[in-house]
Amino acid sequence: MASQVIREWVGFQQFPSATQSKLIELIRKLKQESVSTLTILVMGKGGVGKSSTVNSILGERAVAVSAFQSETPRPVMVSRSWAEFTLNIIDTPGLVEGGYVNDQALDLIKRFLLNKTIDVLLYVDRLDTYRVDNLDRQIVKAITDSFGKEIWHRGLVVLTHAQVSPPDGLSYDEFTSRRSEALSKIVRLGARIRKQEVKASSVPIVCVENSGRCNKNELDEKILPNGTAWIPNLLQTITEVVASESKGILVDQKLIEGPNPNNKGKLLIPLIAAFQYFFVVKRIQKWIKNDIARETRPSWA
């Protein structure tokens, strides 16, 4: 297999000066944490803006985006280097096909990630989707089953199409708060995060707008309707996730193959044997002893 091509991060120069300054600050912070390589895994349903988000982070058209094809057919890793810092971003196929979680896509992603360490998971959905359902929960559960519950300690939710007019007369901040809480609940349920773990396992949520119609501030940075410069905010949140005490997820052969069902059965064997001995064998022995005692007892007793 050919080694990954690492190219100069030319898109860095395309960011406004204020964004560049923020990026330099964040890269220095990561280096202080002994992080010189950062690998970001981008996952979610098809057509939610995963590839566009990858391009926005890099400041260049690194992966193809088409209005007629919403799916990346296979995982793609784009690597960029700047000032002795390497950024790897992995774009992936959509996780849903025909209204169900696509297990083949998940298996393809896992095998692509073999021997790679996931530093950050970006779980991408749309802000302008006004409801969540059981399919969202199944997607989160499938990711959890594939990479372990710990993946969410290194995860954040990215909500695209954030240049939206809220429904029902809601303010922008109120609408994003409600949508964020709904998705947070889905992540907690799908990842099986218990109530006592909620605070420690809180998954950050960041809104983004990848389209050219995104408004800009006086510094020429893309901003959301509430005035947040979203690219620096997203990169800041990614840095905070990396700087947390949790560890990156190494995708090894054992993780890809998953737990051996035979091992689970082996663990149950001693328990089954103990149950049989105390509740079946011992009871039969007692019955036999009682029968023998009755048979040997004299008739006049």
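On the surface of this predicted model, I284, W287 and I288 form a nonpolar patch of about 310 Å². Patches consist of residues with over 30% relative accessible area and no salt bridge, with nonpolar side chains (Val, Leu, Ile, Met, Phe, Trp, Tyr) joined within 5 Å and like charges within 9 Å. Areas follow the Shrake-Rupley method with a 1.4 Å probe, only the protein chains shown counting as cover for residues; a salt bridge places a side-chain nitrogen of Lys or Arg within 4 Å of a carboxyl oxygen of Asp or Glu. W287 belongs to helix α8 (residues 261–296), helices (H or I, at least four residues) and strands (E, at least two) being DSSP runs numbered from the N terminus.

Residues are numbered from 1 along each chain as its sequence is written. Local features need pLDDT of at least 70 and side-chain atom pairs pLDDT 80 or more, while totals for chains, interfaces and linings use all residues, and side-chain values use heavy atoms, without hydrogens and water.

Turning inward, the whole structure holds two cavities of 30 Å³ or more. The largest cavity has a volume of about 110 Å³; of its 13 lining residues, L23, L30, L38, F85 and L235 are the closest to its centre. Helix α1 gives the largest share of this lining, four residues. By class, the lining comprises twelve nonpolar, one polar and no charged residues. Here Ala, Val, Leu, Ile, Met, Phe, Trp, Tyr, Cys and Pro count as nonpolar, Asp, Glu, Lys and Arg as charged, and the others, Gly among them, as polar. On a 1 Å grid over the protein atoms alone, a cavity is a set of points where a 1.4 Å probe fits but cannot get out, a pocket is an open set with protein on both sides within 12 Å along at least five of seven lines, and lining residues have an atom within 4 Å of a point. Points are joined across faces, edges and corners, and a volume is the space filled by probe spheres set on them.
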